[in-house]
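I opened this notebook to keep track of what I looked up, beginning with the surroundings of one ligand and going on to a metal site.

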Amino acid sequence: MCLFCKIAGKQIPSKMVFEDDDLFAFHDINPGAPTHILVIPKLHIASMNDATPEHQALLGKLMLAGHRAAEIAGVDKSGFRLVINTGADAGQSVHHVHLHVIGGRTMAWPPG
Ligand code: 5GP
Ligand code: ZN
C-alpha cells in the first residue's frame with residue numbers, strides 16, 4: 001500500500017482537514033506556503049497518466065474539494081492555486097494522485 005493510501009486509511013497519522021467517502025484532505029508535512037493542503041482520492045490512482053473516464057466524477061469532486069479546502073483555510077478570496085504534479089519533470093514524488101491547495105502568499109507564474 002502506498003504512503004497516501006496509508007494516510008487516507010489513518011495507518012499513518014496526518015493533520016486532517018476533512019474527509020468523506022471518496023476523498024481525504026490533510027496538511028502537507030513540508031508546506032511551501034502558509035496554506036498547503038493536499039486533497040487525495042481514497043482510490044489509488046498513481047498519477048494523472050493513469051486517470052481514465054471512469055475517474056471523471058471522482059476527479060471533478062477532487063477539484064471542488066480543493067475549493068472547499070481553500071475556503072476552510074480562508075484563502076478562497078485572497079487567491080489560491082490547485083496543482084497536480086504529474087511525472088518526473090513536474091516533480092511528482094508521491095505516486096498517488098494528490099491535489100495541492102496552495103495559498104496565503106502571492107505566487108509567481110510560471111512555476112520554476
Ligand atoms: P509531489 O511532489 O508528489 O507533487 O508532492 C508530494 C507532497 O507530499 C510534498 O509536498 C510533500 O511535502 C508531501 N508529503 C510527502 N510525504 C508526506 C507525509 O508523510 N505526510 C504529509 N502530510 N505530506 C507528505
Ligand atoms: Zn495510494
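**Ligand 1 and the zinc site**

I looked first at the shell around ligand 1 and found that α1 gives the most to it, with three residues; helices here are DSSP runs of H or I with at least four residues, and strands are runs of E with at least two, numbered from the N terminus. I noted that this is a predicted model, in which local features need pLDDT of at least 70, side-chain atom pairs count only at pLDDT 80 or more, and totals for chains, interfaces and linings use all residues. Residues are numbered from 1 along each chain, ligands are numbered from 1 in the order in which they are written, and side-chain values use heavy atoms without hydrogens and water.

I then looked up polar contacts (pairs of N or O atoms within 3.5 Å). An oxygen atom of ligand 1 lies 2.6 Å from a backbone N or O atom of Ser-93, and one is 2.9 Å from a side-chain N or O atom of His-98.

Next I turned to the zinc ion (ligand 2), which Cys-2 (SG), Cys-5 (SG), His-44 (ND1) and His-96 (ND1) coordinate at 2.0 to 2.3 Å; donors are N, O and S atoms within 2.8 Å of the metal (3.2 Å for Na, K and Ca). Cys-5 lies in helix α1 and His-44 in the loop between β3 and α2, so this pair ties together parts that are 39 residues apart in sequence.

Finally I checked accessibility: Cys-5 is buried at 14%, while His-44 is partly exposed at 40% (buried means under 20% relative accessible area, exposed over 50%, partly exposed in between, with a 1.4 Å probe and protein chains only).

Notes: Polar contact = N/O pair within 3.5 Å; in protein donor to acceptor, adjacent residues only side chain to side chain.
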